[in-house]
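Me: Can you take me through this model and say what backs up each label? I'd like the reasoning along with the values.

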Amino acid sequence: MMKKFLSILICTILLLGFSCKPKQENETTPQESQIQKESQAQMNKVMAIHDEVMPKMGTIGKLVGELKPKVDSTEMGQKYEVAMKDLQEANTAMMDWMKDFGNRFDHEEILEGKALSEEKLQWLDEEEEKVKVVKEKINGSIERAETLLAQDSEQ
């Protein structure tokens, strides 16, 4: 009887020991896993916006080059200057955003799906809003400059 009791006691202790072990670093709860998937999807969305507008930086440079010689003290020359400065501000906004984003997130978080801390999840929300503003600045400034240059060529 004592042997049986001792065997049951040992099995119970072992069972409790294994079932109460701390969570390993690489183990995640289903909720944590879902949060990680959502944050990676959001990171991909932010990077997709960046990747969409980054090639337009060349267009900005080209348009600035076209506008610069047209800037003078006339009313039309002043419009060219405003359009040129608008493009330059959009360019600066993109460069600043990329620098700030790179300071907040490392390579593994951006490209490899490394889990984000609570603070970085909040930062990602902020960065998504910022990159959307940058996108609007870039697209808007290009559109306005192209429209202005098209009007000039029609005259």
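Reply: Sure, here are some questions and answers on this predicted model.

Me: What makes the fold pattern α-α-α-α-α-α?

Reply: The chain has six helices and zero strands. Reading along the sequence then gives α-α-α-α-α-α.

Me: Why is Glu 127 called buried?

Reply: Buried means under 20% relative accessible area. Glu 127 comes out at 0%, so it counts as buried. It's a residue of helix H6. Leaving out neighbours within four places in sequence, Glu 127 touches Trp 97, Phe 101, Arg 104 and Phe 105.

Me: What makes those four count as contacts of Glu 127?

Reply: The cut-off is heavy atoms within 4.5 Å. Trp 97, Phe 101, Arg 104 and Phe 105 are in contact with Glu 127 on that basis.

Me: And how much of the chain is buried?

Reply: Of its 155 residues, 28% count as buried.

Me: What makes the passing of H3 and H6 left-handed?

Reply: The label goes to a near helix turned anticlockwise from the far one by less than a right angle. H3 (residues 56-67) and H6 (residues 118-154) have axes that cross at roughly 35 degrees and come within 10 Å. The crossing of H3 past H6 is left-handed, so the turn is the anticlockwise one.

Me: Which residues make that contact?

Reply: On the H3 side they include Met 57, Ile 60, Leu 63 and Leu 67. From H6, Ile 138, Ile 142, Ala 145, Leu 148 and Leu 149 are among them. By class, the contact of H3 with H6 has nine nonpolar, two polar and three charged residues.

Me: How do you know that there's a cavity in here?

Reply: Rolling a probe the size of a water molecule over the atoms shows where empty space is left. To be called a cavity, a set of points must let a 1.4 Å probe fit but not get out. Searching the whole structure with a threshold of 30 Å³ or more turns up one. The largest cavity holds about 30 Å³ of space.

Me: What lines the largest cavity, by class?

Reply: Three nonpolar, four polar and two charged residues. Gln 36, Ser 39, Gln 40, Met 43 and Glu 109 are part of the lining, as are Gly 113, Lys 114, Ala 115 and Leu 116. Helix H2 (residues 30-53) gives the most, with four residues.

Me: What share of the contacts is long-range in sequence, joining residues at least 24 apart?

Reply: Among contacts between residues at least 6 apart, it's 73%.

Notes. Residues are numbered from 1 along each chain as its sequence is written. This is a predicted model: local features need pLDDT of at least 70, side-chain atom pairs count only at pLDDT 80 or more; totals for chains, interfaces and linings use all residues. Side-chain values use heavy atoms; hydrogens and water are left out. Axes are lines fitted to C-alpha atoms, for helices over the stretch in contact, and angles run from 0 to 180 degrees between N-to-C directions. Helices (H or I, at least four residues) and strands (E, at least two) are DSSP runs, numbered from the N terminus. Ala, Val, Leu, Ile, Met, Phe, Trp, Tyr, Cys and Pro count as nonpolar, Asp, Glu, Lys and Arg as charged, and the others, Gly among them, as polar. On a 1 Å grid over the protein atoms alone, a cavity is a set of points where a 1.4 Å probe fits but cannot get out, and a pocket is an open set with protein on both sides within 12 Å along at least five of seven lines; lining residues have an atom within 4 Å of a point. Grid points are joined across faces, edges and corners, and a volume is the space filled by probe spheres set on the points. Buried means under 20% relative accessible area, exposed over 50%, partly exposed in between (1.4 Å probe, protein chains only).
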